[in-house]
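Biologist: Please take a close look at one single part of this structure, and then set that part against the rest of the chain. I am new to it, so a plain account is enough.

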Amino acid sequence: MTPLIGIIMGSDSDLPTMKEAIAVCEEFGVECEFAIVSAHRTPERMVEYAKSAHQRGIKVIIAGAGGAAHLPGMVASLTPLPVIGVPVATRNLLGVDSLYSIVQMPAGIPVATVAIGNAKNAGLLAVQIIATQQPQLLEKVQQYRKSLSDSVVAKQEKLSEIGYEQYLKSMN
Ligand code: RP5
């Protein structure tokens, strides 16, 4: 099947973060492709990827990068597709550098930026965009939301039943 979501990252060191986006696509049964595409180390590859993605059937791009994280913004400038940016956490500046690099885009070239390290939300957002055109997928998103709600209710019932001290112990 043709991939609908393109997941790219600046380095293999981003993969431990970006794997969460891949996992969401797999969970919802949405075909995705993933690749290492560096804005700084492979700029021509980045241009080629961004310019061809929509011609290959990709509908949404998720781009994760850390530090001087120019990949999401540069890709957004080269593609008509929606781009979701994932600021990857960094050792020295904890990902605030990545966040600021990705989120402060100039008017006209948006990047939908998720929280630092939150590739899971990037995956969910991409799936939700695809789901706008797929009623069955939209139903799966609704079911997922219900499961989140149910899990909170179940936690509350357990908390009321065993009290906070036992609850905390059960969390360890
Ligand atoms: C960025 O530089 C990558 O997105 C990565 O987060 C960061 C560090 O890359 P490596 O030096 O680990 O390859 O371009």
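**One loop and its surroundings**

Modeller: L94 sits in the loop that runs between β4 and α4, the latter spanning residues 96-103. The model is a predicted one. What sets the backbone of L94 apart is a positive phi of about 60°, although L94 is not a glycine. The relative accessibility of L94 is 61%, which is over the 50% limit, so L94 counts as exposed.

To place that loop, start with the chain as a whole. The chain has 172 residues, of which 40% count as buried. It holds 6 helices and 5 strands, and along the sequence these follow the pattern β-α-β-α-β-α-β-α-β-α-α. Along the principal axes, the C-alpha atoms fill a box of roughly 60 × 45 × 30 Å. Among contacts with a separation of 6 or more, 65% join residues 24 or more positions apart.

The strand before the L94 loop, β4, covers residues 83-88, and another loop lies between α3 and β4. P82 belongs to that loop. The relative accessibility of P82 is 35%, between the limits of 20% and 50%, so P82 is partly exposed. Beyond its neighbours within four places in sequence, P82 is in contact with K59, V60 and I61. The C-alpha atoms of P82 and I62 are 8.6 Å apart in space, while the two residues are 20 apart in sequence.

A third loop, between β5 (112-113) and α5 (119-131), contains V114. V114 has a relative accessible area of 9%, which is under 20%, so V114 is buried, unlike L94, which counts as exposed. Leaving out residues up to four places away in sequence, V114 touches I84, G85, V86, P87, L99, N121 and A122. Four of these names, I84, G85, V86 and P87, fall in the range of β4, and L99 falls in the range of α4. V114 is thus in touch with both of the elements that flank the L94 loop. From V114 to G64 the C-alpha distance is 10.0 Å, with their positions 50 residues apart in sequence.

Now to the helix α2, residues 43-52, in which M46, Y49, A50 and S52 are buried. The buried residues of α2 pack against β1 (5-9), β2 (32-36), β3 (60-66) and α3 (71-78). One of them is Y49, found in α2, with a relative accessibility of 11%. Apart from residues up to four places away in sequence, Y49 touches G6, I7, I8, E33, V37, R56 and I61. R56 also lies over the face of Y49, at 5.2 Å from the ring centre. Y49 and A35 are 14 residues apart along the chain, and 9.7 Å separates their C-alpha atoms. I61 is a name that comes up twice, since I61 is touched by Y49 and by P82.

Further along, K158 lies over the face of Y167, at 5.1 Å from the ring centre. The structure also holds 1 aromatic pair. F28 and Y144 form this pair in an edge-to-face arrangement, with 5.7 Å from centre to centre and 70° between the planes. F28 is in helix α1 (residues 15-28) and Y144 in helix α6 (residues 135-171), so the pair ties together parts that lie 116 residues apart in sequence. F28 is buried, with a relative accessible area of 5%, and Y144 is buried as well, with 16%.

Last comes the empty space. The largest pocket contains about 260 Å³. It is lined by 18 residues, and those closest to its centre are G10, S11, D14, R41 and G66. By type, the lining divides into 7 nonpolar, 9 polar and 2 charged residues.

To return to the starting point, L94 is exposed, has a positive phi and lies in the loop between β4 and α4.

Note on methods. Residues are numbered from 1 along each chain as its sequence is written. This is a predicted model: local features need pLDDT of at least 70, side-chain atom pairs count only at pLDDT 80 or more; totals for chains, interfaces and linings use all residues. Side-chain values use heavy atoms; hydrogens and water are left out. On a 1 Å grid over the protein atoms alone, a cavity is a set of points where a 1.4 Å probe fits but cannot get out, and a pocket is an open set with protein on both sides within 12 Å along at least five of seven lines; lining residues have an atom within 4 Å of a point. Grid points are joined across faces, edges and corners, and a volume is the space filled by probe spheres set on the points. Ala, Val, Leu, Ile, Met, Phe, Trp, Tyr, Cys and Pro count as nonpolar, Asp, Glu, Lys and Arg as charged, and the others, Gly among them, as polar. Rings of Phe, Tyr and Trp (its six-membered ring) pair if their centres lie within 6.5 Å; planes under 30 degrees apart count as stacked, over 60 as edge-to-face and the rest as tilted. Helices (H or I, at least four residues) and strands (E, at least two) are DSSP runs, numbered from the N terminus. Buried means under 20% relative accessible area, exposed over 50%, partly exposed in between (1.4 Å probe, protein chains only). A charge sits over a ring if NZ of Lys or CZ of Arg is within 6 Å of the ring centre and within 35 degrees of the ring normal. Contact means heavy atoms within 4.5 Å.
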